[in-house]
Amino acid sequence: MHKACRKLELKYDWKPDNGCWKRDQNHQIIRAESQYPSAPRASTQFEYHEDKESFYSYVVRTCRTELTSILKGPLQEWEEVHAVFLRAHLELKKKGSGLAIYDKNCPNNVPLKASSLHPQLTLSKLVPRIGEFESAPRVMEFKNEQGEVTLTNYMVSSHYDDRLHLRDHQARMTRRLERAEAREELKLRYQTDKKEAKCPSFDAKNRFRTLSMTFRFRRAHVCVAVRDPLTQPRAGIVRA
């Protein structure tokens with residue numbers, strides 16, 4: 001139905017509407033590209049409860065725009081795709097029958113499914129275009145005598161840090177790291193104080209008995225000391 005609507009719009013020069021089929025720049029009717037998938041539930045819960053940027057949000061923020069531009073263009077080799085992730089200190093690898101994105105700082109952490117970042121980032125879509133999957137190229141770094149990196153074939157512009165809060169992702173990296181270190185220090189101090197704190201001994205049973213006897217004597221003293229008919233025992237009634 002959507003495809004038929006696009007043909008009618010093209011035939012009668014009507015304004016095109018949105019749908020599963022669309023007209024490209026050459027007025028050819030093609031299937032519309034899939035929309036980006038929604039964020040994984042685990043990522044949204046992590047950000048909601050912890051107020052920290054999830055790995056999914058970091059990958060989307062640093063790679064999706066550039067990757068979309070590359071996939072729309074005349075893609076020729078896997079290195080173009082790998083370069084986007086390497087600059088964000090990430091790596092695209094095969095996982096089972098598909099692709100996954102790994103954090104190079106923590107490769108043992110759970111990776112992100114590649115199609116979650118972009119629907120075209122799959123083996124079934126890329127292999128026909130650029131051939132069989134090729135692993136990411138080696139990152140080479142040249143350091144000076146002080147151990148500082150002076151030259152590299154892939155300049156890392158950012159990296160994922162799960163200590164950084166989501167609300168701070170627009171702040172400068174130096175301030176984000178300072179805040180993250182301050183939070184870690186505060187947590188460590190709390191844990192240390194918690195271990196060193198000693199809970200005072202509290203014998204509830206004996207304390208209740210002591211208070212009960214104390215107030216019983218006070219009530220007896222009031223009955224004797226205060227001359228008020230309302231506080232005196234009635235005739236024939238013996239108080240315990």
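Here are a few friendly questions and answers about this predicted model.

Me: Which element gives the most to the lining of the largest pocket?
Reply: The pocket holds about 380 Å³ of space, and 17 residues line it. Helix H2 (41–50), helix H3 (55–72) and strand S4 (98–103) each supply at least two of the lining residues. With 3 residues, the element that gives the most is S4.

Me: How many of the residues in the lining of the largest pocket are nonpolar?
Reply: Lying nearest the pocket's centre are Phe55, Asp103, Asn109, Val110 and Tyr160. By class, the lining includes 3 polar and 3 charged residues. The nonpolar count is 11.

Me: Is Glu53, the salt-bridge partner of Arg61, buried or exposed?
Reply: The two side chains meet at 2.8 Å, N to O. Arg61 is partly exposed, at 36% relative accessible area. Buried means under 20%, and Glu53 has 3% relative accessibility, so Glu53 counts as buried.

Me: How many residues apart in sequence are the parts tied together by Arg87 and Glu66?
Reply: Arg87 and Glu66 form a salt bridge, with their closest N and O atoms 2.5 Å apart. Arg87 lies in helix H4 (residues 78–87) and Glu66 in helix H3, so the pair links parts whose separation in sequence is 21 residues.

Me: What is the accessible area of the nonpolar surface patch that includes Tyr12?
Reply: Tyr12 lies in helix H1 (residues 2–12) and is partly exposed, with a relative accessible area of 45%. Leu8 and Trp14 join Tyr12 in the patch. Together, their accessible area is about 340 Å².

Technical notes: Residues numbered from 1 in each chain as written. Predicted model: local features only at pLDDT ≥ 70, side-chain atom pairs only at ≥ 80, totals over all residues. Heavy atoms only, no water. 1 Å grid on protein atoms, 1.4 Å probe; cavity = no way out; pocket = protein on both sides within 12 Å on 5 of 7 lines; lining within 4 Å. Points joined across faces, edges and corners; volume = space filled by probe spheres on them. Helix = DSSP H or I, 4+ residues; strand = E, 2+ residues; numbered from the N terminus. Nonpolar A, V, L, I, M, F, W, Y, C, P; charged D, E, K, R; others polar. Patch = residues over 30% accessible without salt bridge, like charges linked within 9 Å, V, L, I, M, F, W, Y side chains within 5 Å. Areas by Shrake-Rupley, 256 points an atom, 1.4 Å probe, with all protein chains shown as cover. Salt bridge = Lys/Arg side-chain N within 4 Å of Asp/Glu carboxyl O. Buried < 20%, exposed > 50% of the residue type's maximum accessible area, 1.4 Å probe, protein only.
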